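Colleague: I have just opened the file and would like to go through it with you. Could we begin with one of the side chains and work outwards?

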Amino acid sequence: MRKTTILMMIAVTLGFSGCKSNSGDKAQLTANEWQLKEMTTTKGKTTLPQRVPTLMLTDTNTMYGFSGCNRFFGRYSTEGNTIKLEPGGSTMMACPDLQFESKYIQTLAAMTSYSIENKELKLTDKDRKQTLVFVPKTEEKVGVANDAHGCNGAAGYTWSEARKDCIRLFESGVRMNPVNDPQATLSTFIVFSTDSTLAEVFIPNMENNPLLNRRELPKGGYAWNVEDDDTYNVRQVNGQWIIEQRGETLYTETPESVINVVFQGGDGKTKMLYQVEVTFYPAEELAVVTLDDQTYELPQQRMASGYMYKNDQVSLMGKGKEAELTLPDGKVLKLHEKK
């Protein structure tokens, strides 16, 4: 069974030096989400995994990235030509690229200087034996485009007005859970524009995604909202993102957790009662369904209402405490959450 979250709490200090035109220029570091192009360790150049690692540094001192298998996140700070990166946590999926992932984090931690030339970000360690070269990230679209923006919903992509691009929310957004339903299987996401001046809120079953402007607070820091409007307000409290409305907190950034649910029901044709165990992994957009001695891993699909997890043979659809499970033989089970 997959694990969800592991705190990494690694403090990494990068000393930046390079050409005078960009030395200590935070704006150039935060202008792009960076995609790894080349990695050299003390053992030479390393073959990159199929899913290429990334690094994103925002101008609000938050940090996000993908390390080849898992997503990591945290905060960072700069002073002069130095920068301190503090990954606060990571998803923990089991992938073939875990060995590379460890090398990538270790190499990143060893970097001490940088330069940006010809749109490439180059990080080098103090002995100039290890390097990481990044280029601005371009989203790879999978399959046939499904909507007016060219986003393939079947592959998990949706249009972001803040990014002006097709994104996958679990890769690009900050996951939020409702305070009145911590066990919710559908999460809300905050997606920031590359320069962090805009925040877009993606709420399940809401047709339009609120787009909020960044405003400086009198006591320091920022909040994202719409002037003279009381719909939503995004800000950080004690290092944790929240979404509030009229002073009431609606959603909070919480550590990723596993949600276990037991359903019971039948096919409506026989008197047989089935018990179905489902483990939801919100961080991984995954549900693991166990029925008798069979286990099915189902990726999450975006729905206008309720939730859906499916693969080529099995699907799980639900809303509230009701669910419907379609099995490989075509049998459909009508389920109700067991108390």
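Modeller: Let us begin with Trp224, which counts as buried because its relative accessibility is 1% and the cut-off for buried is under 20%. Please keep in mind that this is a predicted model.

Colleague: Which residue forms an aromatic pair with Trp224, and how are the planes placed?

Modeller: Tyr222 and Trp224 make an aromatic pair, with 6.3 Å centre to centre and 45 degrees between the planes, which puts the pair in the tilted class. Across the chain, the count of aromatic pairs comes to eight.

Colleague: And Tyr222, is that buried or partly exposed?

Modeller: Tyr222 is partly exposed, since its relative accessible area is 30%, and that value falls between the limits of 20% for buried and 50% for exposed.

Colleague: What lies over the face of Tyr222?

Modeller: Arg214 does, at 4.5 Å from the ring centre of Tyr222. Tyr222 and Trp224 also belong to one aromatic cluster, together with Phe192 and Trp241.

Colleague: Let me step back to the whole chain. How many helices and strands are there?

Modeller: The chain has three helices and 29 strands. Of its 339 residues, 45% count as buried, and the accessible surface comes to about 17800 Å², with 48% of that belonging to carbon and sulfur atoms.

Colleague: What about contacts between residues that are far apart in sequence?

Modeller: If you take the contacts between residues at least 6 apart in sequence, 45% of them join residues at least 24 apart.

Colleague: Where does the largest nonpolar core sit, in terms of strands?

Modeller: That core has 21 residues, and those with the most contacts inside it are Phe263, Val276, Val278, Phe280, Leu316, Leu325 and Leu333. At least two residues of the core come from each of S22 (259-266), S23 (274-281), S24 (286-291), S25 (294-301), S26 (307-310), S28 (322-326) and S29 (332-337). Strand S23 gives the most, with four residues. Another core lies apart from this one and has 20 residues, including Trp34, Tyr104, Leu108 and Leu123.

Colleague: Is there a general reason to expect cores like these, or why do people look for them?

Modeller: The usual background is that nonpolar side chains in soluble globular proteins tend to be buried together.

Colleague: Back to Leu316, then. What does Leu316 touch?

Modeller: Leaving aside residues up to four places away in sequence, the residues that Leu316 touches include Val278, Phe280, Val289, Leu298, Tyr307, Ala323 and Leu325.

Colleague: How do the strands around there pair, S26 and S27 for instance?

Modeller: S26 and S27 (residues 315-319) pair in the antiparallel sense over four bridges, and a hairpin joins the two through four residues. Lys310 has Ser315 in S27 as its bridge partner. S26 also runs antiparallel to S25, with two bridges joining them, and there Gln301 stands opposite Met308 of S26.

Colleague: Changing topic, I was curious about Thr30. Where does Thr30 lie?

Modeller: Thr30 is in the loop between helix H1 (26-29) and strand S3 (33-41).

Colleague: Is Thr30 buried or exposed?

Modeller: Thr30 is buried, because its relative accessible area is 7%. Not counting residues up to four places away in sequence, Thr30 touches Leu57, Thr58, Asp59, Tyr76 and Thr194. The C-alpha atoms of Thr30 and Asn61 are separated by 9.5 Å, with these positions 31 residues apart along the chain counted as their separation.

How values were computed: Residues are numbered from 1 along each chain as its sequence is written. This is a predicted model: local features need pLDDT of at least 70, side-chain atom pairs count only at pLDDT 80 or more; totals for chains, interfaces and linings use all residues. Side-chain values use heavy atoms; hydrogens and water are left out. Buried means under 20% relative accessible area, exposed over 50%, partly exposed in between (1.4 Å probe, protein chains only). Contact means heavy atoms within 4.5 Å. Accessible areas come from the Shrake-Rupley method with a 1.4 Å probe; for residues, only the protein chains shown count as cover. Rings of Phe, Tyr and Trp (its six-membered ring) pair if their centres lie within 6.5 Å; planes under 30 degrees apart count as stacked, over 60 as edge-to-face and the rest as tilted. A charge sits over a ring if NZ of Lys or CZ of Arg is within 6 Å of the ring centre and within 35 degrees of the ring normal. A nonpolar core is a set of buried Ala, Val, Leu, Ile, Met, Phe, Trp, Tyr and Cys residues joined through side-chain atoms within 4.5 Å. Two strands pair if DSSP finds at least two bridges between them.
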